Amino acid sequence: MTSIHSVLAAFAIILIDLLGRAGLDKVLALSGGPTVVALWAQLQSVVELVSAVTLAGVLQGLTVLIAQVNSPRDERVLLRDALKLGLGTSLAVALIVAVASPKLAVWLSQRKIETDLFLLAAFAGCITVVPATVNAYWLGKHLQQRMLGLALLTSTVWLVVAACAWYGLHLRGLIRMQSLALIIIALVIGRYLYRLSRTRNNRENQTEYFRKLVKFVPVGLAIGIMSPVSMLLVRSLLSGSLSWSDVGFLQALWRSTEWVTATAAGVLSLIFLPRFSATYGSLRFKDELKRAGVMVLIPAACLLLLIFINQRVMLSALYDARFMVSDETAALIMLGSWIRIASWVFLFGLFAAHRTGLIIAGEVLSLPLYALLLWLFADGMTLERTALLYFVSYFVYLAFNAIALRYASRSANSRAVHNPL
């Protein structure tokens, strides 16, 4: 069972990340306005694109496998192989971004972001893999308190960037400072990883664990690429059909919901995923799903309703008075966010069932579907329609995950009946 200290540390990690990002957005809003907020979000999606292919794949595998081995020697082999494979995967994606950067500058920002800034963002994404590797290693060993210390260290990146924005640096200077701060942290963590992963010859285990880690690469590529790329396309499409200022307003509204969605994701991951995994295939599994729904969805609904009621005050507090949207837009975004959280209950059930194929298929029906709908209905686009399509996309995603989990559960029960031993 997860200790209360680990649960509190996990909530603290979520809160630190949210506060760091919110603080930076506030400074960007005051110093540059909605357009700068939107353009910075575009660059950060490139950072996430390069890093997430490793975080959502190889490093998830590292956490799982570290939790399953008992030998310190095997842990060192796993850690070393995960770092090599993770950096290699992210570097491959970064090279693709580098080659495509001239066209990305046109497609994703209408030349408002220079080509070399996409290169710097891709570079920052590669560096992020180093601290993320030790984070995944500690999670596998249930060392959330150490993860909290690392979260405090990496939060200094947002502090440095916010300070630079406050003193008038533009996007070029901000992404440079982000990369520099990440390099310093990566050098410190890299020395620790080197000492931790030193091994003598152990060819057999090395090959075995490397093969196991490679199996997580396709999942990381699917999830890690689709979500950031979709968000890049979403902002680009909206900037063409609306304006970059409107994209900034929408980005601010999404950020306000992250206080609820990120917390819900943390609860589902830390508390309920182990419970789902332990009870999958038994009658208790449905009870755990119901318990997760009650414990996550009811508080989330209340908090999102509170944000909706106070959305103008909240956006003004987090950004400034220029950030305003209609009540209809806010209501649909809040409802879509709640549906998104509901879909995650079934998503984590699919993770417990090891149905990676269904997970990958479902990812197409979330943000990628949203980007497609924005493209199809671009004529006469409004913020209200944007919010409606957001709700529709995640409603489809929820329906797919619910049906997929029901199918997976029936298949598991059928196998249990035919193979009782």
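**Buried helices, salt bridges and surface patches in the predicted model**

In helix α14, the residues L367, P368, L369, Y370, A371, L373 and L374 are buried. The model described here is a predicted one, and in it α14, which spans residues 367–376, is mostly covered, with seven of its 10 residues buried. A nonpolar patch on the surface, of about 440 Å², is nevertheless made by L372, W375, L376 and F377, and of these L376 is found in helix α14.

Two buried residues in other helices illustrate how segments distant in the sequence are brought into contact. T261 is found in helix α9, which covers residues 244–279, and it counts as buried because its relative accessibility is 3%. When its neighbours within four places in sequence are left aside, T261 is in contact with S337, I341 and W344. The C-alpha atoms of T261 and V296 are 9.9 Å apart in space, the two residues being 35 residues apart in sequence. Q144 lies in helix α5, which is formed by residues 144–166, and with a relative accessibility of 3% it likewise counts as buried. Apart from neighbours within four places in sequence, Q144 is in contact with S6, A9, I13, L139 and L270.

Charged side chains were examined next. Side chains of opposite charge can pair when their charged atoms come close, and the structure holds nine salt bridges. One of them is formed by K141 with E75, for which the closest N and O atoms are 3.1 Å apart. K141 lies in the loop between α4 (115–140) and α5, whereas E75 lies in helix α3 (residues 72–107), so the pair ties together parts of the chain that are 66 residues apart in sequence. The two partners are covered to unlike degrees, since K141 is partly exposed at a relative accessible area of 31%, while E75 counts as buried at 9% relative accessibility.

A further salt bridge is formed by E114 with R172, where the closest N and O atoms are 4.0 Å apart. This pair, too, links distant parts of the chain, as E114 is in the loop between α3 and α4 and R172 is in helix α6 (residues 171–197), 58 residues apart. E114 is partly exposed, with a relative accessible area of 39%, and R172 also counts as partly exposed, at 28% relative accessibility.

The loop between α3 and α4 shows, in addition, two residues with positive backbone angles. Q110, which lies in this loop, has a phi near 50°, a positive value in a residue other than glycine. R111, found in the loop between α3 and α4, has a positive phi of about 65° although it is not a glycine. With respect to accessibility, Q110 is partly exposed, with a relative accessible area of 37%, and R111 is exposed, with a relative accessible area of 65%.

Within helix α9, a salt bridge is formed by E258 with R255, the closest N and O atoms being 3.0 Å apart. Because E258 and R255 are three residues apart in helix α9, they are separated by about one helical turn. In general, an α-helix has 3.6 residues a turn, so residues three or four places apart point the same way. E258 counts as partly exposed at 24% relative accessibility, whereas R255 is buried, with a relative accessible area of 16%. Salt bridges that share partners join D25, R255 and E258 into one network.

Finally, a patch of positive charge on the surface is formed where K286, K290, R406 and R410 gather. The elements that give two or more residues to this positive patch are α10 (284–309) and α15 (383–418). R410 lies in helix α15, and it counts as exposed because its relative accessibility is 53%, the cut-off for this class being over 50%.

How values were computed: Residues numbered from 1 in each chain as written. Predicted model: local features only at pLDDT ≥ 70, side-chain atom pairs only at ≥ 80, totals over all residues. Heavy atoms only, no water. Patch = residues over 30% accessible without salt bridge, like charges linked within 9 Å, V, L, I, M, F, W, Y side chains within 5 Å. Areas by Shrake-Rupley, 256 points an atom, 1.4 Å probe, with all protein chains shown as cover. Salt bridge = Lys/Arg side-chain N within 4 Å of Asp/Glu carboxyl O. Lys, Arg positive; Asp, Glu negative; His and termini not counted. Charge placed at Lys NZ, Arg CZ, Asp CG, Glu CD. Helix = DSSP H or I, 4+ residues; strand = E, 2+ residues; numbered from the N terminus. Buried < 20%, exposed > 50% of the residue type's maximum accessible area, 1.4 Å probe, protein only. Contact = heavy atoms within 4.5 Å.
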